[in-house]
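Please find below a colleague's note for someone opening this entry without prior acquaintance. The points can be read in order, with the display kept alongside.

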Amino acid sequence: MQNLSRRRVLTLGAALGLVGVADPGKAWAWSSADSIAATDTVTDPWSVWDDATDPLVASLLENGQIPAVNTAFESWVNNGDPLPAGLPANLVSYLQQVNTLPSWADRTKLARAAQFNKRMSMYLFLLYGLGSGIMSTVIPREARNVYYSAGGADMQSRAAKTFTYGYDLSALDAFQPTGHFVVTSNKTRLTHAAVRHLLPQSPAWRAVTDDQDFIPISNGDILITFHSLGTYVYGKLKSWGIRMSAAEEDAYLHQWQVALHLLGVRDDFIPASWAAAKQQSAYALTPLLAPTPEGIDLADVLLGLVSQVDLGVTQGFQREFARYVLSDKIGDWLRLPRDLVSRGLIEVGWPAYVAFREGLSPIMPTGFSMFDQFVRGLAMLFLNNGTSTSYTPITIPTGNRP
């Protein structure tokens with residue numbers, strides 16, 4: 001039975017484009033020698049939260065200051081914007097320390113990553129939206145945290161905020177004064193701290209969670225999210241034969257390294273290479289994927305939002321494509337209906353579409369325009385933040401799902 005379980009994990013990991021498999025019952029053993037800190041220690045990231053942020057946000061919530069903070073934050077959008085007036089003194093002091101890139105951030109690599117994101121935008125938004133977005137619903141802790149938090153009650157708004165984070169990271173000026181990503185990361189980090197304080201007060205969440213000490217969103221959970229985004233997308237691009245230079249691959253990783261730091265992940269957990277990231281994902285992602293009632297419901301809502309956009313394909317095609325990029329195992333977990341005619345078209349047509357777009361084949365495949373409209377439609381959904389072309393503000397919650 002144990003060997004069968006291991007084979008299933010291997011199959012799922014391969015389907016997601018991830019290399020390396022950990023025994024699902026094996027304790028965390030990833031060494032920080034492979035992290036950017038290179039300290040050669042082994043620390044369980046699920047026992048690490050955010051000591052710099054959590055007490056601060058807890059006090060803001062308990063003192064009823066969050067609504068005023070959210071109002072002040074409305075004018076704080078660009079990285080180069082000054083901190084808004086009217087913030088509590090302890091929040092100002094905190095933001096003055098964290099509202100900056102880490103000392104090890106490489107501006108040249110970040111600029112290269114921006115150009116790579118522009119070149120890969122069609123694939124990235126497809127995989128972020130239909131791949132990573134749906135994968136999040138089979139990450140049990142993430143699905144339960146989202147479902148029972150305030151965002152779970154309005155998934156269109158929640159999806160728009162998630163799109164905002166990915167869009168801001170992918171923008172050409174993401175880390176420049178005119179970009180948004182540093183500010184967006186700070187707001188997201190504060191939001192995580194609020195959820196850590198609020199969710200343990202939810203009896204419904206406490207009844208289903210397996211979070212250690214009933215505290216959600218540990219460093220381990222954020223690493224899971226990274227692997228479901230960055231590591232997963234990198235693996236898919238490689239498996240599809242997308243051309244990437246070594247410098248581009250390194251730059252794409254570096255933007256995620258900076259992103260993790262800005263979200264409060266300790267440097268000794270941040271992988272120093274893609275090889276280290278793939279190895280870590282064997283502990284932090286693949287063995288932990290599983291269905292939950294909350295995740296099945298969230299996936300249905302998210303796919304419903306995608307269906308509202310004219311992608312030039314049927315709903316059956318859309319769901320089969322989700323199966324194609326994630327695996328039939330995950331599709332079965334989420335009870336996605338089958339459309340075998342569409343699946344046959346995808347399995348033949350998608351590799352040919354990629355090859356033609358990448359200049360690897362001179363032959364335009366049958367169905368090229370359909371695939372092109374599908375990809376462009378998903379990209380526009382992502383670029384429109386799920387709702388409109390306007391900036392979607394990230395607000396700190398003051399309660400849980402009603």
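The numbered points go from the whole chain to particular helices and residues.

1. Before anything else, please keep in mind that this is a predicted model. In the protein chain there are 18 helices and 0 strands, and along its principal axes the C-alpha trace spans about 60 × 50 × 45 Å.

2. On overall dimensions, the radius of gyration of the protein chain is 20 Å, which is close to the 21 Å given by the globule rule for 402 residues, so the chain is as compact as a globular protein of that length. Of those 402 residues, 54% count as buried. When contacts between residues at least 6 apart in sequence are considered, 76% join residues that are at least 24 apart.

3. Helix α7 deserves a look of its own, since 8 of the 9 residues in this helix (residues 140-148) are buried, so the helix is largely enclosed by the rest of the structure. The buried residues of α7 include the charged-chain names Arg141 and Arg144, and the list also has Pro140, Ala143, Asn145, Val146, Tyr147 and Tyr148.

4. For the packing of two helices, the usual description is the angle between their axes together with the distance between the axes. Helix α14 (residues 293-307) and helix α15 (residues 315-326) pack at an angle of about 130°, with their axes 11 Å apart, and that angle makes α14 oblique to α15. The crossing of α14 and α15 is right-handed.

5. Which residues make the contact between α14 and α15? From α14 come Leu303, Gly304, Val306 and Ser307, while α15 brings Gln315, Gln318 and Arg319. By character, the residues of this contact of α14 with α15 divide into 2 nonpolar, 4 polar and 1 charged.

6. Trp104 is placed in the loop between α4 (89-98) and α5 (107-119), and with a relative accessible area of 27% Trp104 is partly exposed. Not counting residues up to four places away in sequence, Trp104 touches Ile36, His254, Gln257, Val258, His261 and Asp267. For one of these partners, Val258, the separation along the chain from Trp104 is 154 residues, although the C-alpha atoms of the two are separated by 8.7 Å.

7. Is His192 buried or exposed? His192, which lies in helix α9 (residues 181-198), has a relative accessible area of 18% and is buried, because the cut-off for that class is under 20%. Leaving aside neighbours within four places in sequence, His192 is in contact with Ile217 and Ile222.

8. Two residues call for a check of the backbone. Asp40, although not a glycine, has a positive phi of about 55°; this residue is found in the loop between α1 (2-15) and α2 (54-62), where Asp40 is exposed, with a relative accessible area of 56%.

9. Phe214 likewise has a positive phi of about 55° without being a glycine. Phe214 lies in the loop between α10 (203-208) and α11 (219-239), and at 31% relative accessibility Phe214 counts as partly exposed.

Definitions and conventions: Residues are numbered from 1 along each chain as its sequence is written. This is a predicted model: local features need pLDDT of at least 70, side-chain atom pairs count only at pLDDT 80 or more; totals for chains, interfaces and linings use all residues. Side-chain values use heavy atoms; hydrogens and water are left out. Axes are lines fitted to C-alpha atoms, for helices over the stretch in contact, and angles run from 0 to 180 degrees between N-to-C directions. Helices (H or I, at least four residues) and strands (E, at least two) are DSSP runs, numbered from the N terminus. Angles under 35 degrees count as roughly parallel, over 145 as roughly antiparallel, 65 to 115 as roughly perpendicular and the rest as oblique. A crossing is left-handed if the near helix is turned anticlockwise from the far one by less than a right angle, and right-handed if clockwise. Contact means heavy atoms within 4.5 Å. The radius of gyration is taken over C-alpha atoms; the globule rule is 2.2 Å times the number of residues to the power 0.38. Buried means under 20% relative accessible area, exposed over 50%, partly exposed in between (1.4 Å probe, protein chains only).
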